[in-house]
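Me: Hi! I am new to protein models and would like to learn how to read one. Could you walk me through this one?

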Amino acid sequence: MASRVDALYIFLLIVTGMMTLLIFVCLVYFAARFRYRPGIPAEQIEGSTALEITWSTIPFLIFMVIFAWGAVVYFKERTPPADSTEVYVVAKQWMWKLEHAEGQREMNELHVPVGRDVKMIMTSQDVIHSFFVPAFRIKQDVVPGRYTVAWFRATKPGVYHLFCAEYCGTQHSGMVGSIVVQEPAQYEAWMNGGSTGPLSATGEKVFSELGCATCHRNDAQGRGPSLQGVFGKPVQLDDGRTVTADENYLRECILDPGAKRVKGFQPIMPTFQGLVSEEQVNALVAYIKSISAAKPGEAGKASASTAAPKAEQNGSKVQ
Amino acid sequence: MSMPTSMPQPDGRENYLNKHYGVWSWLLTTDHKRIALLYLISITFFFFIGGFFALLIRLELLTPAGDLVQADTYNKLFSMHGIVMIFFFLVPSIPAVLGNFLVPLMIGAKDLAFPRINLLSWYLYIIGGALMVHCMLTGGVDTGWTFYAPFSTNFSNTKVVEAGIAVFIAGFSSILTGLNFVVTIHRMRAPGMTWSRLPLFIWAHYATSIIQLLGTPVLAITLTLVAAERALHLGIFDPKLGGDPILFQHLFWFYSHPAVYIMILPAMGVVTEIIACFSRKRIFGYSFVAFSSIAIAVFGFLVWAHHMFVAGTSVYAALVFSLLSYAVAVPSAIKVFNWTATLYKGSIHYDAPMLYAFGFLGLFTIGGLTGLFLAALGIDVHVTDTYFVVAHFHYIMVGGAVMGYLGGMHFWWPKISGKLYPEGWARLAALIVFIGFNLTFFPQFLLGYLGMPRRYYDYSHMPEFQVLNVLSTAGATVLGVGYLLPMIYFLWSMRYGKPASDNPWNAAGLEWQTASPPTTFNFEQEPVVTWEAYNYDELDAPHNDAPRSEEVPVAR
């Protein structure tokens, strides 16, 4: 990612450098060449439509190249590859809490293996923060009340700055951490030390503790829709709309169940706003994603392809 | 340029300054020129407060550790620096001082259309300003000038509501100024002063006024919502109550992006006048420069979400706003090219106003071109919310707007005060400002690309940023000197300066055809315009010693 951004940056430096040079050379040359000399009056020139059109069109065309290039880079930045490793991030004044889908929890530090795509599913407990890793050229605001997503692939082992880039109060400048990029073997060793089990397992526990299973039964006979295989698939809503059951949708259904109710079900689910922590919401989302991947046969292809490999990894790691 | 082209006027002639004396003759005046001076004094006060905050910020950043002030104090310093500089200095600066003084003079009117509303707008500004000073003295505010929710609505325990009300009130001052200008420019032009004969300064102010009228109410609404959310927990921005914090950003930038054009368009107007006068030429491409101001005002309303590319908005929205941001860059580029072309085959003088105009051209070009970086989606992600952005908007708003303001103050000072400022000192100050400015802000572009986030009180985790920060702080002290100098010699010239002739620059424009300083009603008789704008060929014609056709008595 960094090299893609830098390539565009260098292109822009060259283009704007040439524009600056052109203007400055004209300014300096005109200023010197046409300085006041007694007896030589200024020559009045009305203007030139041809020139105006030229110097509007050429910059505009150049701008369009920059625009298109910038848009391509941005789309890559904003589209995590399907088989990324997932990390749930909860920001709060003034720290970063990071939880790997595999189960490791970290504070202000994120260990990742070199060469793997890492997708961060982020939310904030309080104000807006921003996840900024200058070395990877990525930044994404972390907003309370919803998930935002960022991803990167580290290419060189090392320790990189993690900054909060959105002003968030007193210790904003103390909300810094590091991304520790390790060789895969090192990373595996780190991951195996002190893991609490996969996040989806935690989610399963929360799911049963909160009694979700009494309504969300798997046999489609419950008062709530079955959650088996729902992730990543389109959902028909009661008001006629269709939405994709992504992370943000699952999150919203837990915290504001009335907002996007599934077709054919009564508005009887209570809100869990304030009853579950951000970490528990993350765990629940991870759990629902894992049961969507469990039956690759009937589950939607989209969900299967994103979550299946992870579920297997998780499975092999539980005990 | 040889300064006085005609004999200085004998002292004691009645003018707007000496017609009445006493405090009340100022505080109850409806003379646009006196109100301009009231604004000049008040915005200068706020400029130096904001500048003092900036100096403390730069001193804190001299070392990586947070050692000069507390973290909370630092956060208040940059917040109040922004609020004071934007709402109490930059937005009113050129329109309320130079615009107030010059719009009626330039179009040949006795005053603005609504003189009492003009005075009311100053009082609103003062009430807002007094409230802001009270807010600063009793604890201040720490939300940044951007007041982002939910920090401002649910978390900050500083005086957010009071600062919001102060800005709210000052906003109405800005709306009324814009309203006054629009009506005045439409209704009060002298006979013969057609739209195509208007000085481009007027076109720029017309465009600015449109933004003030249409944009500022949205800011007022937004701040009202913040106050309401804080007091009543309505759930507009608070996600816990079903609100959306990103909605705040849309509302805020809907005003605050066009506000940048409120600051830069008048400066463009000033620079246009200066370049024409000191090149002794009609502006190249008059109508393109005029309409580009309007284009900027219109397109300026359609780019607000380019402040939000990483805020969590959709990628498709980002695409649209990136594209439109490039569209708004075109009229700005047109202006720069036309100014440059105006110099071609000119007869260029290097008086202080022209030095400021050259400074403006250089700094605005750099500021504008770095905007291309920020409008490029892929790059914005990396550099937004870093010092790159800080450097970029200071190049526009300080390099551009303040350079234009100072250039204008020098250009029209003889008209405003009736006195000449010391030219040598003024050229020196222009040079110091230019050098100080670049030394302060250029290193910040590098800091930003290296990844230093803005609004950081303490950077002890990344001491590698110190060298560039030291350079920037050094530049800030130079810049401070550069800004103090004009204030000192302007004040000095009021008492000791040589008297100015009516038209010391031999400049085109109706404002130069009346006395320096003008009388209360500007012209002894209503002027009739029979010539095009920037008729420097006539002014410089070898045997043009006939009196200009000013104040030709004509029956309406």
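Reply: Happily! pLDDT is the predictor's confidence in each residue, from 0 to 100. We need it here, as this is a predicted model.

Me: What pLDDT does chain B average?

Reply: Chain B averages a pLDDT of 93, and 95% of the residues score at least 70. Among the helices and strands of chain B, confidence is highest in helix 4 (residues 115-137), at a mean of 97, and lowest in helix 16 (residues 536-539), at 89.

Me: Where in chain B is the pLDDT below 50?

Reply: One such stretch is residues 1-9 of chain B, which has 20 contacts in the model beyond near neighbours in sequence. Another is residues 546-556 of chain B, where pLDDT stays under 50; there the model has 13 contacts beyond four places in sequence.

Me: And which scores does the predictor give the complex?

Reply: The complex has an ipTM of 0.90 and a pTM of 0.89.

Me: Now for the interface. How many residues does the contact take from each chain?

Reply: In general, the size of an interface is often given as the accessible area lost when the parts come together. Here we can count residues instead: 70 from chain A and 73 from chain B. Helix 1 (2-33), helix 2 (49-78), strand 6 (129-133), strand 7 (138-142) and strand 9 (158-164) of chain A each supply at least two residues to the side that touches chain B. Helix 2 of chain A gives the most, with 16 residues. By class, this side of chain A has 40 nonpolar, 18 polar and 12 charged residues.

Me: Helix 2 of chain A sounds worth a visit. Why does its length agree with what we should expect?

Reply: Count 1.5 Å a residue: the 30 residues of helix 2 of chain A should span 44 Å, and its end C-alpha atoms are 42 Å apart, which agrees. Its buried residues include W55(A), F63(A), F67(A) and Y74(A). The buried residues of helix 2 pack against helix 1 and strand 7 of chain A, together with helix 9 (286-299), helix 10 (315-343), helix 11 (352-375) and helix 12 (377-383) of chain B.

Me: Into which domains is chain A divided?

Reply: They are domain 1 (85-192) and domain 2 (199-317). The contact between them takes 12 residues from domain 1 and 12 residues from domain 2 of chain A. On the domain 1 side, strand 1 (85-92) and strand 5 (117-124) of chain A give two or more residues, and strand 1 gives the most, with three residues.

Conventions:
Residues numbered from 1 in each chain as written. Chains lettered and ligands numbered in written order. Predicted model: local features only at pLDDT ≥ 70, side-chain atom pairs only at ≥ 80, totals over all residues. Contact = placed C-beta atoms within 7 Å. Helix = DSSP H or I, 4+ residues; strand = E, 2+ residues; numbered from the N terminus. Nonpolar A, V, L, I, M, F, W, Y, C, P; charged D, E, K, R; others polar. Domains from an automatic or database assignment. Expected span 1.5 Å × (residues − 1). Buried ≥ 20, exposed ≤ 12 C-beta atoms within 10 Å, placed from the backbone.
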